[in-house]
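Please open the model in the viewer and keep a selection panel at hand. The tour proceeds through pockets, a helix, a loop residue and enclosed spaces.

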Amino acid sequence: MKIGTKVIHGGLTHDSATGAIMTPIYQTSTYAQNSPGDHKGYEYSRSQNPTRHALEMNLASIENGKHGLCFGSGLAAIDAVIKMLNPGDEAISTGDLYGGTYRIFTKIFEKYGIKFHFVEMNDFDKLDILVNENTKLIWVETPTNPMLNIIDIRKAAAFAKKHKCMLGVDNTFASPYLQNPLELGADIVMHSATKYLGGHSDVIMGALVVNDEEIAKQLYFIQNSSGAICGPMDAFLVLRGIKTLHLRMQRHSENGEKVAKFLDAHPAVDKVYWPGLKSHPNHEIAKTQMRDFGGMMSFTTVVDNYDAAKKIVSNVKVFTLAESLGGVESLCGHPASMTHAAIPKEDREKIGIKDSLIRLSVGVEDAEDLIADLKQAIEG
Ligand SMILES: *Cc1c(COP(=O)(O)O)cnc(C)c1O
């Protein structure tokens, strides 16, 4: 089956009790048993819930994996991955990382004795020196936030295999429509389903998909033991969102291209970071592992200061100034004062986050309206 069929049917069956076409919302905490232990596979909704199970099967299908697991948020999914590690274990992660991921690694898990190294992953040969017998996990985010750097997942997988550790990929920015890390050699793929999978900015959820039975067993044990599950209503909403993932991602990518080209040609714009542009430093890698380039991008203006960015993000009318991404509506953000404000200015600028950098989550509206909106905001 191809992706457009899988998003609608993958891993799903019609409700056996009623034939309902859409997966019902099983809003129940527990299930009747005929005699002790004699039940229909469902005992208690922290352990199993039919709506969540349907979503987990569907996610496994669209990521070309065997096992899906859903959590109450993207960070709860990452939390479960790190709980597979033991005190003394080490992980190597991309430095250009979602702020919440950096926070849970350093502020929660370091105090349990897990060590994290944050590095640029453009040259894996240089990373050998960081690896030792305690290294258990390589964590990669690609495209990265907000600079849209692309990390070569095949190379990361070869590196992880060579050093006998797991490779986890945060696939939130790409979505399973644009990129399938398990096929490129990753062991774990993670999503903030809050973003493109849900797609309508109405739910917070996280997900993991894996192939390996042993990793799946450990993660299920953690999911059930720690209990950071998602509720059935949220599972229903994400199932519903996924049914149009392919249509939305096509439109996000088409609009992304039009907006990126408009910005790239505008005299007041300095740099545009969108992996589909030939000028993007990682465009060639992006072409080998992504089917298209999506709607996430960042840009700086020639006049590089906070006021220049503030003027644009305050003047937009179709775009909305807000955190988050991946919904049908276009959003914009100012990393230096919003998501990355905690990083000192010098360190920020080293990774490219200048004061005028604006991040866009280009939605699925009409591209002409989005371009006209940015034009008036930049020139106004
Ligand atoms: C939003 C996001 C997360 C965190 O997910 P939540 O659902 O907000 O917990 C992790 N990684 C990336 C890349 C994200 O954009």
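In this predicted model, begin with the second largest pocket, whose lining divides into 10 nonpolar, 8 polar and 2 charged residues. Select Asp15, Ser16, Tyr26, Tyr42 and Pro50: of the 20 lining residues, these lie nearest the centre of the pocket. The space within the second largest pocket amounts to about 490 Å³.

Next, move to the largest pocket, with a volume of about 880 Å³. Helix 4 and strand 3 are the elements that give two or more residues to its lining. To centre the view, select Gly95, Asp96, Leu97, Ile343 and Ile351, which lie nearest the centre of this pocket among its 31 lining residues. By class, the lining of the largest pocket comprises 13 nonpolar, 12 polar and 6 charged residues. Colour the model by domain: domain 1 (3-242) and domain 2 (245-379) each supply at least three residues to the lining of the largest pocket.

Which element gives the most to the lining of the largest pocket? Helix 4 does, with 6 residues. Select this helix, residues 99-109, and display Gly100, Thr101, Ile104, Phe105, Thr106 and Phe109, which are buried. Then add helix 3 (74-82), strand 2 (90-94), strand 3 (115-119) and strand 4 (135-141), against which the buried residues of helix 4 pack.

From strand 4, proceed to Thr144, located in the loop between strand 4 and helix 5 (153-162). Is Thr144 buried or exposed? Its relative accessibility is 1%, so Thr144 counts as buried, the cut-off being under 20%. Show the side chains of Thr144 and Asp96, which are joined by a polar contact of 2.6 Å. Leaving aside residues up to four places away in sequence, Thr144 touches Asp96, Asn149, Ile151 and Phe173.

Phe173 leads to the second largest cavity, which Phe173 lines together with Pro143, Leu148, Tyr196, Phe293, Gly294, Gly295 and Met296. The volume of the second largest cavity is about 40 Å³, and its lining has 6 nonpolar, 2 polar and no charged residues. Why does this cavity lie between domain 1 and domain 2? It lies there because both domains give residues to its lining.

Finish at the largest cavity, one of 2 cavities of 30 Å³ or more found in the whole structure. Select Ala322, Glu323, Gly333, His334, Pro335, Met338, Thr339 and Arg359 to display its lining. These residues divide into 3 nonpolar, 3 polar and 2 charged, and the largest cavity holds about 60 Å³ of space.

Note on methods
Residues are numbered from 1 along each chain as its sequence is written. This is a predicted model: local features need pLDDT of at least 70, side-chain atom pairs count only at pLDDT 80 or more; totals for chains, interfaces and linings use all residues. Side-chain values use heavy atoms; hydrogens and water are left out. On a 1 Å grid over the protein atoms alone, a cavity is a set of points where a 1.4 Å probe fits but cannot get out, and a pocket is an open set with protein on both sides within 12 Å along at least five of seven lines; lining residues have an atom within 4 Å of a point. Grid points are joined across faces, edges and corners, and a volume is the space filled by probe spheres set on the points. Ala, Val, Leu, Ile, Met, Phe, Trp, Tyr, Cys and Pro count as nonpolar, Asp, Glu, Lys and Arg as charged, and the others, Gly among them, as polar. Domain bounds come from an automatic or database domain assignment. Buried means under 20% relative accessible area, exposed over 50%, partly exposed in between (1.4 Å probe, protein chains only). Helices (H or I, at least four residues) and strands (E, at least two) are DSSP runs, numbered from the N terminus. Contact means heavy atoms within 4.5 Å. A polar contact is a pair of N or O atoms within 3.5 Å; within protein, one must be able to donate a hydrogen and the other to accept it, and residues adjacent in sequence count only if both atoms are side-chain atoms.
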